[in-house]
Amino acid sequence: MTPASSEVGSAADNAAEPFQPPAVPAAEPSAMPTVEIVLPVHNEERALPGCVHTLHAYLLEHLPFAWRVTVVDNASTDRTLLVARGLASELPGVSVLHLSRKGRGLALRTAWAMSEADIVAYMDVDLSTGLDGLLPLLAPLASGHSDLAIGSRLAPGARTVRGPRRELISRCYNALLRHGLGTRFSDAQCGFKAARTRVVRPLLAVTEDDAWFFDTELLVLAEHNGLRVHEVPVDWVEDVDTRVRVVRTALDDLKGMWRMARLKASGAADVAVPRRAAPSAEHPDAVLAPPRRRTALTWELVCFVAIGVVSTAGQALLYWLLRSWWPAALANLVSLVVLTVLNTEANRRLTFRGSAVGAGRAHLGAGALFTVGYSVTSAGVLVFQQADPGASHAAETLVLAVASVLVTAIRFVVLRTAVFRRRSPSLGETLNESETS
């Protein structure tokens, strides 16, 4: 989305520089993608000159794509804007965008939405992330293999130099994302990311955060809508001259996570992004299995039944163990809660693995079904006790197992049609694999 005119500075600042030629000329220049690298800055007059000169020299020597660098000054109160203008007049391929409102997320969303490049990227002005990771970041986007690419300080092979405090905070935050929102990326907030402009633009129109949570919000939306996110293990050295207020940022991140969980649960996080074509064999003589219209349903039924059998047996065993100390209703409640959580997670990871639903929504939906399951199984046991007061615990367990089978059938229908529903292809067009932007 285009920012309001009141937030954007003068036309002189916002005039885009022409793309600089690649370091290695391509055989067909028209087929090579263009790249715009954004540097969001706020009160960075000290760090900005070294960053831009270092980056500019690296791009001239190493980047095989046409490129430009855009410094986005978001409401700096020091000499950052003057320094940026001086660098733009000195170095070809460097331009300045001035915003009157503060916020890294706002800076990135504004610059990326206005960009004419095929690929948009950004990095932090402190250059904490080694520039040797830039080409691996851009390559899967240029080839069309991936939609977004992120640098990761937590992926296998990454090397970091930072204090234990930031290390602990980073790992805890990403663990919260994985277990709370069901994300699969390893590092949400490394300041080293890139995206295919055509694919990321619909997501930019939905993102709301103007500050540090923007990165997380964008990645959560991308994964939720089935986009392919590529991770690059990076070398990262902490710069202690940071503008991040850790406590305030952490609180804002928790609020953002709660907002994203509600968006995913309500369906408001669904975005009409370009879709990829289904996988196909490259070898012309590949021997493929005949297409089966019911393959997905067969897989889901087999997995669900297998998990259901194990869950039913597990619940019955746990109920039998607990029944020695507790009354029937309490033993049934505890055994049902424990096995419902395990059953839901198994179905999320195996049975309905093609669904983009995260762990939070999956367990929320299963929790709603819990009431039905508990009511049916408890009613079955209580009715049996009334009919035969002298029945053994083993007989009660058998009745509980029969009732659980009925509940399992109901759960499959509801989980498949409501909780783990597959994304409709109508949300976006099919992405042509031959395109690079």
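The following dialogue explains how to read several features of a predicted model.

Biologist: What should be known about the model before reading it?

Modeller: The model is predicted: local features need pLDDT of at least 70, side-chain atom pairs count only at pLDDT 80 or more, and totals for chains, interfaces and linings use all residues. Residues are numbered from 1 along each chain as its sequence is written, and side-chain values use heavy atoms, with hydrogens and water left out.

Biologist: How many helices and strands are in the protein chain?

Modeller: Helices (H or I, at least four residues) and strands (E, at least two) are DSSP runs, numbered from the N terminus. The protein chain has 13 helices and 11 strands.

Biologist: What percentage of the residues of the protein chain count as buried?

Modeller: Buried means under 20% relative accessible area, exposed over 50%, and partly exposed in between (1.4 Å probe, protein chains only). By this rule, 47% of the 437 residues of the protein chain count as buried. The chain exposes about 21,100 Å², of which carbon and sulfur atoms supply 63%; accessible areas come from the Shrake-Rupley method with a 1.4 Å probe, and for residues only the protein chains shown count as cover.

Biologist: What share of the contacts with a separation of 6 or more joins residues 24 or more positions apart?

Modeller: Contact means heavy atoms within 4.5 Å. Of the contacts in the protein chain with a separation of 6 or more, 81% are between residues 24 or more positions apart.

Biologist: How is the packing of helices α7 and α8 to be read?

Modeller: Two packed helices are described by the angle between their axes and the distance between the axes. Axes are lines fitted to C-alpha atoms, for helices over the stretch in contact, and angles run from 0 to 180 degrees between N-to-C directions. Here α7 (residues 197–204) and α8 (residues 214–224) pack at about 110 degrees, and their axes are 10 Å apart. That makes α7 roughly perpendicular to α8, given that angles under 35 degrees count as roughly parallel, over 145 as roughly antiparallel, 65 to 115 as roughly perpendicular and the rest as oblique.

Biologist: Which residues make that contact, and of what class are they?

Modeller: From α7 come Val200, Leu203 and Leu204, and from α8 Phe214, Leu218, Leu221 and Ala222. By class, the contact has seven nonpolar, no polar and no charged residues. Ala, Val, Leu, Ile, Met, Phe, Trp, Tyr, Cys and Pro count as nonpolar, Asp, Glu, Lys and Arg as charged, and the others, Gly among them, as polar.

Biologist: How many residues of α4 are buried?

Modeller: In α4, 10 of the 11 residues are buried, so this helix is largely enclosed by the rest of the structure. Among them are Arg104, Arg109 and Trp112. Gly103 lies in the loop between β3 (94–99) and α4 (104–114) and is buried, with a relative accessible area of 8%. Not counting residues up to four places away in sequence, Gly103 touches Asn74 and Asp210.

Biologist: Which polar contacts do the side chains of Ser186 and Thr351 make?

Modeller: A polar contact is a pair of N or O atoms within 3.5 Å; within protein, one must be able to donate a hydrogen and the other to accept it, and residues adjacent in sequence count only if both atoms are side-chain atoms. The side chain of Ser186 makes such a contact with the side chain of Ser152 at 2.6 Å. Ser186 is in the loop between α6 (164–181) and β7 (192–196), and is buried at a relative accessible area of 14%. In helix α11 (residues 328–351) is Thr351, buried at 0% relative accessibility, whose side chain makes a polar contact with the side chain of Asn347 at 2.6 Å.

Biologist: What does the side chain of Asp118 reach?

Modeller: The side chain of Asp118 reaches the backbone nitrogen of Thr34 at 2.9 Å. Asp118 and Thr34 are 84 residues apart in sequence, and their C-alpha atoms are 5.2 Å apart in space. Asp118 lies in the loop between α4 and β4 and is partly exposed, with a relative accessible area of 22%.

Biologist: What is the sign of phi at Asn43 and at Leu127?

Modeller: Most residues other than glycine have a negative phi. Asn43 nevertheless has a positive phi of about 55 degrees, and is found in the loop between β1 (34–41) and α2 (48–62). Leu127 has a positive phi of about 50 degrees; Leu127 lies in the loop between β4 (119–123) and α5 (134–142) and counts as partly exposed at 21% relative accessibility.
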